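Here is a short report on selected local features of one protein chain. Keep the structure open while reading.

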Amino acid sequence: MIEKNLLGGDCLNFGCVPSKALISAAKRYHAVTNDQSLSEFGISVEGAKIDFGKVMERLRRLRADISVNDSAERFASKLGVDVYLGEAKFIDKNTVEVNGQKLTFAKCTIATGGSPRLPNLSGIKELFEAYHRKEPEAPTIVTNESIFNLTELPKRFAVIGNGAVGMELAQSMTRFGSEVTVFGRSGRIMGKEDVDTAKILEDRMTSEGTKFQLNVEKYVSLKKTGVKNGSFVEMELEVVLKGGEPKTFVIDTLLIAAGRTPNVSGLDLEKAGVKYNRKEGIIVGDGLETSMKGIFAVGDCCSAYKFTHVADFMARLVVRNALFFGKEKFSQLIIPWCTYTEPEIAHVGLYERDIAKKGEVVTVQKNFADNDRAILEGETEGFVRIHTLKGSDKILGASIVGANAGDLISELTLAMNADYGLGSVASVIHPYPTRADAIRASGDLLNKNRLTPTVRSILRQALKLQN
């Protein structure tokens, strides 16, 4: 195993692990400072304060605790893996070089991940590089790879990017007390999700104080003003909104969350005969083998699904295909994902817009406003939404919006993986009261909707005969 940066990759160091620690702290602070919500429970909390330095200290401590699982010591001494720390380059289709040492291989897997992409904005590259060189008068411009190094809460926090990473961090920083503005071009957030699904989150974040500028036509410039606010160097972000309106925003910290670029440079992939492009990354077949037989790729460097759990199962697939003569296909994987905002947004399978190409879509939806557990906990935002084709109960896709949606989606993922129809899910006894019961109730709703007038008439006649 060769690693040029930090073992554990993005997830441990810059992604899932630290972000969820930050989100957890923000959620707890919001819970004790949301006066309206607390008063409904008859609770009053006064004097709650946030110590952002300690929040980040806890984050880094927990990350260090978890890092043992990905440490060089564990791989080398306990798992028998030869670990090389350095930058690898291909010499040919069977050889890589690291730290001047040539290593030959029979099979190889490339898992180099991806990196944040900077937007086209005058001045950003120079200021970004100055900050990451730790120049004393550099303004704070961060990505997911550097935001978790902050020790002081910025007063004015801007985000360029309206996807999952941007929304998770924007909501957390708003809850800590920063004045947050999110910038985007598409007119909405969470472009992959259904419009009404994304709107629920946008409305929630707006109610908490996050501001949105989602109709940017052009990012014009970013420059320093010369003013310092604590340890932050003030910046001016100039944009042109759709319709031609120029606007300038004064900020202390800028988070770039505008997409990622696959890490394919510097590997000398050409020498190994591995085809790639800088936008999509390494080109792989359905078995995750590259254009060179015996060389495979997994994760963000080759996949549009940029999730840790997907990279994990891609790696499992490669192990079987490369070492055990497997014929498994990536396209056969059923992939769920979740955005860990509040409410959470989780999805698996196809969206209604995709299924409509296959035939008439039947969608059932149970709102958490009708779920007893959600009502009792005062968290009734969201729903369970499940898609099938007319005449079938086969689950083709599902979205869940609400508390613990990321946990709930696994039941539907399991049903899809086992080819277990939604009608059958209704026959599974769920504890009462639980949010998961909304999934079972969705199955009941589908069964009810399939009860056509003809079937109703037959049942009525059958009941009359029994009497």
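The report covers backbone geometry, strand pairing and ring contacts.

## Basis

This is a predicted model. Every value below is computed from that model.

## Cis peptide bonds

Most peptide bonds are trans. Two exceptions are described here. The peptide bond from E342 to P343 is cis, and its omega is near 5°. P343 belongs to the loop between β20 (336-339) and β21 (344-349).

The second cis bond runs from Y432 to P433, with omega near -5°. P433 also sits in a loop, between α14 (422-425) and α15 (437-449).

## Positive phi angles

Most residues other than glycine have a negative phi. L288 is not a glycine, yet its phi is positive, at about 70°. L288 falls in the loop between β18 (281-282) and β19 (295-297). Is L288 buried or exposed? L288 counts as buried, because its relative accessibility is 2% and the cut-off for buried is under 20%.

N404 is another non-glycine residue with a positive phi, here about 60°. Its place is the loop between β24 (397-402) and α13 (405-417). N404 has 41% relative accessibility, so it counts as partly exposed.

## Strand β23 and its partners

Strand β23 covers residues 383-389. It is mostly covered: six of its seven residues are buried. Strands of a sheet pair through backbone hydrogen bonds, either parallel or antiparallel.

Which way do β22 and β23 run? They run antiparallel, and seven bridges join them. Strand β22 spans residues 361-367. Within this pairing, K366 stands opposite V384 of β23.

β23 pairs with β24 as well, over five bridges. That pairing is also antiparallel. Here I386 faces its opposite residue, A398, in β24.

## A three-stranded open sheet

Strands β12, β13 and β14 make an open sheet, in the order β12-β13-β14. The pairing is antiparallel. The edge strands are β12 (216-229) and β14 (245-251), and each of them pairs on one side only. Neighbouring strands of the sheet are turned by 20° against each other on average, direction ignored.

How many bridges join β12 to β13? There are nine, and the two strands run antiparallel. Strand β13 comprises residues 232-241. K224 stands opposite M235 in β13.

## Aromatic pairs

A pair of aromatic rings is described by the distance of the centres and the angle of the planes. A search of the whole structure finds seven aromatic pairs. One of them is F52 with F176. The pair is edge-to-face, with 5.6 Å centre to centre and 75° between the planes. F52 lies in helix α4 (residues 52-66) and F176 in helix α7 (residues 164-176), so this pair ties together parts that are 124 residues apart in sequence. F52 is buried, at 5% relative accessibility. F176 is buried too, at 3%.

F90 and F105 form another edge-to-face pair. Their centres are 6.2 Å apart, and the planes meet at 80°. F90 lies in strand β3 (residues 88-92), while F105 lies in the loop between β5 (101-104) and β6 (108-110), so the pair ties together parts 15 residues apart in sequence. F90 has a relative accessible area of 5% and is buried. F105 counts as buried at 16% relative accessibility.

## Aromatic cluster and charges over rings

Which residues form one aromatic cluster? The members are Y305, F307, F330, W337 and Y351. Y351 has a further contact: the charged end of R353 sits over its ring, 4.3 Å from the centre. Y351 thus links two topics, as a cluster member and as the ring beneath R353.

R316 and F313 show another arrangement of this kind. R316 lies over the face of F313, at 4.7 Å from the ring centre.

Technical notes:
Residues numbered from 1 in each chain as written. Predicted model: local features only at pLDDT ≥ 70, side-chain atom pairs only at ≥ 80, totals over all residues. Heavy atoms only, no water. Helix = DSSP H or I, 4+ residues; strand = E, 2+ residues; numbered from the N terminus. Buried < 20%, exposed > 50% of the residue type's maximum accessible area, 1.4 Å probe, protein only. Pairing = 2+ DSSP bridges. Phe/Tyr/Trp six-rings, centres within 6.5 Å; stacked < 30°, edge-to-face > 60°. Lys NZ or Arg CZ within 6 Å of the ring centre and 35° of its normal. Axes fitted to C-alpha atoms, helices over the stretch in contact; angles between N-to-C directions.
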